[in-house]
Structures are given as structure tokens and as C-alpha cells.
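Biologist: Please take a close look at one part of this model, the second largest pocket. Which residues and helices line it, and what can be said of the helices concerned?

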Amino acid sequence: MIARALGAIAVVALLAAPVVIPRYHVTLLLPAFAYGIGLLGLNLLFGTTGLLSFGHALFVALGAYTAAALTTHFHILHLETLLIGAALVAGVVAVPVGLLCVRYVKIYFGMLTLAFGMLFYSFLYKFYTLTGGDEGIRVLRPRLLGQAFAGLDKVEFLIGPFYYYALAVLAMATLLMHRIVRSPFGLGLRAIRENPDKAAYVGVAVRRYRFYAFVIAAVFGAVGGALLAVPTGLADPLLAYWTHSGNLVFMLLLGGFDHFLGPLVGALVFILLQDTVMSLTTYWRFVFGAILAVIVIFFPRGLLGLLAWRREPTA
């Protein structure tokens, strides 16, 4: 009951945010929405399937660069098309990468995904004629449901139509992921996480299920990346760098990876906390490291773990 009440309050607060809080803080919510979508995919891999990816930023960057290429080079400005294009490109790339990565588990899976992420980062950084190198590629202002909103300046566009558009995409992605996790496929993934040998014994195709989860996570990451690039107006190589993947894992741990809404809470708290700490000290990364250590040691189930209550087992 407490969780549902807090969820309802959160929904009302997000809907009212552009009206009741300063513009600057509304713009901080936009990357939280985008990261929330990407983290739903990452949590499908880690929290549900038991595979920790250190290269998930690859697909976030892929989504951002797809949006940038479509708007800048092909002059496609419909955001719906950009999101679909990002999802398709991520799915195509995820197929060969996933086929190789899911052959391994534990640290080997993590290091292999990290290697592919850094390979993509090097490609973005070195192939200047295609990717713009360290300067990246501009992301032009998109149309929302066919509307250009030409009468609004950039800030008004972001905190108005784009805010509610991104919130709606986040809501749809959350509902879709909830259906996936609660489906027989999702139950199979959880069985694989708990004991892959027993799951295989009862007929679950372990490697194929892991591959499907990898591709779905990639698609969610790319959709989030496409939304992430719109407010900044730029897709740059740092989106694929290993530290960005580390931030994604940080957000997941912060919110709580064994809770369905943990990724959303982690993304929101991370963005707000980062902005606050960066305004106070230049050593904000050190502060974040200390916070992560505290969470891992004292709150291993993340922030949402504080709301969970489990009955003590009876003898």
C-alpha cells in the first residue's frame, strides 16, 4: 500500500512539475526520463536475467547517433521515426554482439560487453568523416506527433511539449517492460538467474532466452539514448565511453536492481544528486564513489529496498 501511494504521488508530481517547479529543475528531469528507459533494459539483463553489462552505454550512444544522423544528414525530424530508427539500428547491432556475449556469463560477459562498448567508442572518436569525431553530430529539434511548435523557444519546447512526450514514452516503456517481466518469458529469465542448470532441465532454452533479453535491453537503451540527445542537441563519443556505462550501473544500484521501479528511481536520484554535488564541489566523483560504497555496504538493495518489508521466516 505504501509503495502504491508513493507511486501515485510521484505520477501526480511529474505531471505537475512543469507548472510548479523552476524551469531549470524541469530540464533536469528530461535526462532522468531517458536514462530510466535505458535502465529498464539494463535491469532486464541484470536484475531479471543475472547478466551484468559494463557496455550498455554502447546502445545508448547508438540511439543518440541514430537520431543525430537522421536529423542532420537525412533531415528526418519526426521524433516517432527517430525512436523507431534507433530501436531498429540497436536491434540489428545487438544481434551479432549478443550472439557472442551470451555465450559467456559472470565477469566474462561483463568484460566482453565492455570491450564492444570501447570498440564503438573508438569508432566514434576516430572516424571523423562519419561521426564527427570528438565534436560529435548535432541533433536538430524534432517534430512531436507532426507538430513543430515553431512558436516556442528551445527551453519552452523542452519543458512543455517535449517533457510530456518523453514522460509518455517512459510510461509506455515501463508498461511494456512490466508485461515482459511478468510474462512466461520473464519467468524463464528469472529461473535462469536463480539456477540456469535447473532452468535448462525443465526445458528453458537458456542461451536463447539470454540472447532475447540482450536484444530487448539494447532496444530500450537506444530509445533512451535518442531521447537523451534531444535536450543537449548533440551526440558525442563520451556517450559510449566506459565511464558512462559505469554511471548506468551506478544508477541501477542506487535505485535497487531487484525492484522493478528501481531503475526509474535510480535515474532520477542520480541526476538530481549529481547536479547538487557538482554545484558544491569539483570532487563530485569522489563523493559519488563514497555514496556507492555506503549503498553497497549498508543498503545493498538500493533506495527502494528501504521501503520493502519482508516477514521473518518461521521455524
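Modeller: The account below begins with the pocket, turns to one of its helices and ends with the nonpolar core.

The model is a predicted one. Its second largest pocket has a volume of about 630 Å³. The lining comprises 25 residues, and Y35, L239, H244, N247 and Q274 are those that lie nearest the centre. By class, 16 of the lining residues are nonpolar, six are polar and three are charged. At least two lining residues each come from α2 (23-48), α10 (206-232), α11 (242-255), α12 (262-280) and α13 (284-298).

Of these helices, α11 may be followed in detail. Its 14 residues, at 1.5 Å a residue, should span 20 Å, and the end C-alpha atoms are 20 Å apart, so the expected and modelled values agree. H244, which lies among the residues nearest the pocket centre, is also one of the buried residues of α11. The other buried residues of this helix are S245, L248, V249, F250, M251, L252, L254 and G255. Their cover includes α2, α12 and α13, together with α3 (57-72). After α11 comes G256, with a positive phi near 115°.

Another of the lining helices, α10, leads to the largest nonpolar core. This core has 96 residues, and L79, F162 and F214 have the most contacts inside it. Its largest share, 16 residues, is supplied by α10. Leaving aside residues up to four places away in sequence, F162 touches L30, L79, L144, F157, L227, V230 and P231.

Definitions and conventions: Residues are numbered from 1 along each chain as its sequence is written. This is a predicted model: local features need pLDDT of at least 70, side-chain atom pairs count only at pLDDT 80 or more; totals for chains, interfaces and linings use all residues. Side-chain values use heavy atoms; hydrogens and water are left out. On a 1 Å grid over the protein atoms alone, a cavity is a set of points where a 1.4 Å probe fits but cannot get out, and a pocket is an open set with protein on both sides within 12 Å along at least five of seven lines; lining residues have an atom within 4 Å of a point. Grid points are joined across faces, edges and corners, and a volume is the space filled by probe spheres set on the points. Helices (H or I, at least four residues) and strands (E, at least two) are DSSP runs, numbered from the N terminus. Ala, Val, Leu, Ile, Met, Phe, Trp, Tyr, Cys and Pro count as nonpolar, Asp, Glu, Lys and Arg as charged, and the others, Gly among them, as polar. The expected span of a helix is 1.5 Å times one less than its number of residues. Buried means under 20% relative accessible area, exposed over 50%, partly exposed in between (1.4 Å probe, protein chains only). Contact means heavy atoms within 4.5 Å. A nonpolar core is a set of buried Ala, Val, Leu, Ile, Met, Phe, Trp, Tyr and Cys residues joined through side-chain atoms within 4.5 Å.
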